[in-house]
Amino acid sequence: MPEEMPGNITLIGFMGSGKSTVGRLLAQRLGWRFTDTDHLIEKVVGCSIPTYFATEGETAFRDKETTILLGVTAGERQVIATGGGAVLREENVAALRTSSLVVYLTTRPDVLAKRVARRPGERPLLTAGEEPALTLILRMLATRGPLYQSASHLLVDTSDRAPGAVVEEIVRRYQREGS
Ligand code: S3P
């Protein structure tokens, strides 16, 4: 836990874990600003993330992601929803942990696979090849799971729960940590 209660809450986790949905509701609940780093990247680059991946590649995307993350962590009273790969760079994690209570939204792989299937084509890393999404998810989670764990202050499971219930758990635990 951070020494002083930070002025932001950041949500991390795999694609489909509910970062944007929960983040928007959590911001409303707290009366804070909602910041979605994927949306900010799309604004800056002027196209969708799948198009940017296809034309400029993943490294260019990660560079933009780091610039945006370092910029937004200077703010306060905001809920920050990150992209699923935000934990891949140490400088991102360091900036998030200093400025935010970092909450890892954990989700069972079968649930992630169902959720990402609802928006086909939106996630370039899950749609590039022939392999089923669940196989890709399991492989990526083997690498990323430990990164999400070590980057976070709190874990909250979203697998079989409505977003509102997840929001209430985060608020409860944020208030408990701060008292
Ligand atoms: C990515 C997750 C996506 C987006 C990009 C890369 C990742 O965000 O940033 O497609 O590497 O996991 P969501 O987690 O919001 O889908």
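This report covers the surroundings of two residues, serine 159 and glutamate 65, in a predicted model.

**Serine 159**

Serine 159 sits in a loop. That loop runs between β5 (154–157) and α9 (163–178). Is serine 159 buried or exposed? Its relative accessibility is 7%, so serine 159 counts as buried, the cut-off for buried being under 20%.

Two polar partners stand out for the table below. One is arginine 108, which offers its backbone nitrogen to a polar atom of the serine 159 side chain. The other is aspartate 157, where side chain meets side chain. Beyond the neighbours within four places in sequence, serine 159 is in contact with Thr106, Thr107, Arg108, Val111 and Arg115. Arg108 thus appears in that contact list and also lies 2.9 Å away through its backbone nitrogen.

**Glutamate 65**

Glutamate 65 belongs to helix α4, residues 58–72. Its relative accessible area is 1%, so glutamate 65 is buried. The side chain of glutamate 65 makes a polar contact with the side chain of arginine 62.

Which residues does glutamate 65 touch, not counting those up to four places away in sequence? They are Ile41, Gly83, Gly85 and Ala86. Alanine 86 is 21 residues from glutamate 65 along the chain. Their C-alpha atoms are separated by 7.4 Å.

**Polar distances**

| Residue | Partner | Distance |
|---|---|---|
| Serine 159, side chain | Arginine 108, backbone nitrogen | 2.9 Å |
| Serine 159, side chain | Aspartate 157, side chain | 3.2 Å |
| Glutamate 65, side chain | Arginine 62, side chain | 2.9 Å |

How values were computed. Residues numbered from 1 in each chain as written. Predicted model: local features only at pLDDT ≥ 70, side-chain atom pairs only at ≥ 80, totals over all residues. Heavy atoms only, no water. Helix = DSSP H or I, 4+ residues; strand = E, 2+ residues; numbered from the N terminus. Buried < 20%, exposed > 50% of the residue type's maximum accessible area, 1.4 Å probe, protein only. Polar contact = N/O pair within 3.5 Å; in protein donor to acceptor, adjacent residues only side chain to side chain. Contact = heavy atoms within 4.5 Å.
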